[in-house]
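Dear colleague,

Please find below the structure I would like to hand over to you. My notes on its internal spaces, its packing and its backbone follow.

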Amino acid sequence: MDADVLTPTAANAAAQATSSSVRHAAPLSPSTSDPLWWRSAVIYQIYVRSFADGNGDGTGDLAGVRSRLGYLRDLGVDAIWFTPFYASPLADGGYDVSDYRAVHPDFGTLAEAELLVQEALALGIRTIIDVVPNHISDRHEWFQAALAAGPGSPERERFWFVDSDEIPNHWVSPFAGETWTRTTNPDGTPGQWYLHLFTPEQPDLNWNHPDVRKEHEDILKFWFDRGVAGVRIDSAALLIKDPELSEVPENPGPGEHPTQDRDELHDVYRGWRAVADSYPGTRVMVGEIWLPEIDRFVAYLRPDEMHTAFNFDFLARPWSASELKQSIDMTLEAHAPVKAPSTWVLSNHDVTRPVTRYGREDSSFAFLAKRFGTPSDVELGTRRARAAALLTAALPGSLYIYQGDELGLPEVEDIPLGLLQDPMHFRSQGIDPGRDGCRVPLPWSGTKSPFGFSSKHSTGKPWLPQPSEFAHYTVEAEEKDPDSMLSLYKQALAVRKADEALGDGPFQWIDLGPSALAFQRGDDFFCVTNFADQALELPPGELILASTELVGVENGTRKLPTDSTAWLRPQH
């Protein structure tokens with residue numbers, strides 16, 4: 001597989017040879033033949049830094065992604081979603097953007113990004129990019145101009161600068177710690193405070209300012225003009241702030257939180273939707289929205305706002321029939337009034353990988369609960385992750401897959417402390433292990449690091465260390481194993497694409513007892529997941545696919561082992 005990764009010379013030559021034609025030729029646009037593609041799509045998340053290294057410096061890049069597009073086509077995905085690859089100081093893995101119209105040099109060039117979008121479209125794969133509207137980098141020209149202009153200037157009105165002898169309030173960052181940093185005046189005296197819900201390197205924008213709204217609509221147009229099929233909106237519920245900067249109430253009512261889910265926010269996304277709808281081929285808006293109130297959540301999915309949003313409730317639930325059923329019911333019931341499809345996802349670049357999480361005594365997920373040294377039974381977690389893969393792939397709506405989950409990668413939990421890079425770890429004073437463990441570079445081939453992540457001629461080590469056990473999880477090894485996680489995903493996605501009952505569409509529960517989740521899709525598809533301690537006898541029907549080998553077949557009774565899922569064609 002190493003030969004598939006572009007060498008530095010090949011990558012640069014490819015970009016240079018075609019950059020002129022990309023700039024001057026009309027780019028391909030997403031197909032208009034299926035305007036509802038997003039309702040059933042399988043979308044693969046790429047964390048560029050860790051996917052594939054095309055130039056051999058140890059950091060994943062766009063050249064590496066381009067060299068692996070064939071893998072994604074063969075896997076069976078409909079679209080790829082990229083975490084930010086823009087110009088950035090990388091204080092928070094690229095979520096501190098300094099220029100949306102440029103690509104970070106570690107990842108490539110704008111010409112390469114344009115090529116990637118076009119090459120993926122030629123393979124039938126759409127591209128979704130990340131936008132981070134709550135904040136920008138402190139290196140962004142706007143913030144640098146605001147610092148230089150001083151208090152009371154128009155440049156500072158694009159942000160939240162405040163005159164105060166004391167910290168303006170005590171809002172708590174999702175990354176832990178305070179959310180205000182004080183500037184220093186040219187004469188060395190203390191200056192104004194500025195707001196940053198995340199790190200000090202990520203100053204929050206003031207979304208009451210017309211410049212901020214216009215700039216982001218222009219950013220959407222910039223990338224839609226280049227053939228991008230949609231945007232994923234980071235921290236989508238945080239943009240609008242209470243202008244009084246009031247403290248967070250003990251029990252804020254709907255719309256009363258000073259930094260979250262404020263009612264004025266919907267006007268922003270109506271403006272964005274108008275931009276998206278002005279382009280052919282259904283350009284989608286996908287929200288990252290963490291809200292406990294499901295009715296507030298689905299308000300963002302009204303027909304003139306976002307198309308879909310991530311279902312974090314399902315992701316965070318423990319491995320339990322009752323818990324997952326409750327989440328599925330709640331999700332489907334909430335989406336029905338606005339006729340939006342549900343989304344199903346088991347992990348992403350921020351959360352513990354399923355193989356590790358499902359092997360823990362507490363298999364739920366919560367950021368505040370992450371700690372070093374939490375034990376996990378990886379064999380059990382793998383068994384459950386296989387079952388969960390089939391369960392989620394059969395649910396109605398769109399499916400998201402985070403890179404490496406299709407390989408069954410475990411969370412890497414023994415990264416040396418000196419090599420950790422995630423600000424969540426440092427801002428927690430070292431208590432939270434951070435998110436680096438799910439961001440370790442992917443293993444593609446071979447028996448030792450870099451496992452095909454970089455070419456044989458690479459000059460740099462992977463930016464995060466790969467454990468030796470990754471040798472068992474390489475794409476090369478799993479493609480040869482019909483029982484591997486990769487083989488299971490490929491088979492599942494092929495069935496999902498071929499069966500019209502899967503993806504968006506009708507759904508009906510089947511009662512097989514409290515320790516099983518069973519449901520029907522269309523007339524000819526059953527999905528059964530067994531959570532009981534003993535094997536479950538399956539209803540009559542043709543077996544399509546199972547996460548684990550069935551038992552009792554030799555005795556004429558097919559039973560599904562514990563922590564397993566089966567797909568069936570029922571007998572009529």
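**Cavities**

The second largest cavity is lined by Leu346, Pro354, Val355, Ala385, Gly404, Asp405, Gly408, Leu409, Met485 and Tyr489. Please bear in mind throughout that this is a predicted model. The volume of this second largest cavity is about 60 Å³. Its lining divides into 7 nonpolar, 2 polar and 1 charged residues. Helix 12 (354-357) and helix 16 (485-498) each contribute at least two residues to that lining.

The largest cavity encloses about 80 Å³ of space. Around it stand Trp344, Val345, Leu346, Ala389, Thr392, Leu399, Tyr400, Ile401, Tyr402, Asp405 and Tyr489. Leu346, Asp405 and Tyr489 therefore appear in the linings of both the largest and the second largest cavity, where a lining residue has an atom within 4 Å of a cavity point. Three elements, strand 12 (343-345), helix 13 (378-394) and strand 13 (398-402), each supply at least two residues of the lining of the largest cavity. Strand 13 provides the largest share of that lining, with 4 residues. By class, the lining of the largest cavity holds 9 nonpolar, 1 polar and 1 charged residues. In total, the structure has 7 cavities of 30 Å³ or more.

**Pockets**

The largest pocket has a volume of about 1,400 Å³. Its lining comprises 47 residues, and those nearest its centre are Ser173, Pro174, Gln260, Trp290 and Phe367. Of the residues in this lining, 25 are nonpolar, 11 polar and 11 charged.

The second largest pocket contains about 480 Å³ of space. It is lined by 25 residues, with Arg360, Lys370, Arg371, Thr374 and Glu413 nearest its centre. Here the lining divides into 9 nonpolar, 6 polar and 10 charged residues.

**Nonpolar cores**

In soluble globular proteins, nonpolar side chains tend to be buried together. In the present model, the largest nonpolar core has 126 residues, and Tyr44, Leu72, Ile80, Phe85, Tyr269 and Trp567 have the most contacts inside it. Helix 13 gives the largest share of this core, 8 residues. A second, separate core of 17 residues includes Ala79, Val286, Phe310 and Phe312.

Phe85 may be taken as an example from the largest core. Not counting residues up to four places away in sequence, Phe85 touches Val48, Leu62, Val103, His104, Phe107, Ala113, Ile129 and Trp223.

**Helices 8 and 11**

Helix 8 (residues 265-277) has 13 residues, so at 1.5 Å a residue it should span 18 Å; its end C-alpha atoms are 19 Å apart, which agrees. Its buried residues are Leu265, His266, Val268, Tyr269, Trp272, Arg273, Val275 and Ala276. Among the elements that cover them are strand 5 (126-131), helix 7 (210-224), strand 9 (230-233) and strand 10 (284-287).

The same reasoning applies to the 15 residues of helix 11 (residues 321-335): the expected span at 1.5 Å a residue is 21 Å, and the end C-alpha atoms are 21 Å apart, which agrees. In helix 11, Ala321, Leu324, Ser327, Ile328, Thr331, Ala334 and His335 are buried. These residues pack against helix 9 (294-298), helix 10 (312-316), strand 12, helix 13, strand 14 (508-510) and strand 15 (516-520).

**Ala309**

Ala309 belongs to strand 11 (residues 308-309). Because its relative accessibility is 1%, under the 20% limit, Ala309 counts as buried. Leaving aside neighbours within four places in sequence, Ala309 is in contact with Gly287, Ile289, Phe297, Leu301 and Thr343. Ala309 and Ala236 are 73 residues apart in sequence, with their C-alpha atoms 9.5 Å apart in space.

**Backbone points to inspect**

Most residues other than glycine have a negative phi, and most peptide bonds are trans. Which residues have a positive phi although they are not glycine? Asp261 has a positive phi of about 55°, and Phe451 one of about 50°. Asp261 lies in the loop between strand 9 and helix 8 and is buried, with a relative accessible area of 5%. Phe451 is in the loop between helix 14 and helix 15, and at 2% relative accessibility Phe451 counts as buried.

The loop between helix 14 (423-427) and helix 15 (475-479) also holds Pro450. The peptide bond from Ser449 to Pro450 is cis, with omega near 15°.

With kind regards

Key. Residues numbered from 1 in each chain as written. Predicted model: local features only at pLDDT ≥ 70, side-chain atom pairs only at ≥ 80, totals over all residues. Heavy atoms only, no water. 1 Å grid on protein atoms, 1.4 Å probe; cavity = no way out; pocket = protein on both sides within 12 Å on 5 of 7 lines; lining within 4 Å. Points joined across faces, edges and corners; volume = space filled by probe spheres on them. Nonpolar A, V, L, I, M, F, W, Y, C, P; charged D, E, K, R; others polar. Expected span 1.5 Å × (residues − 1). Buried < 20%, exposed > 50% of the residue type's maximum accessible area, 1.4 Å probe, protein only. Contact = heavy atoms within 4.5 Å. Core = buried A, V, L, I, M, F, W, Y, C linked by side-chain atoms within 4.5 Å.
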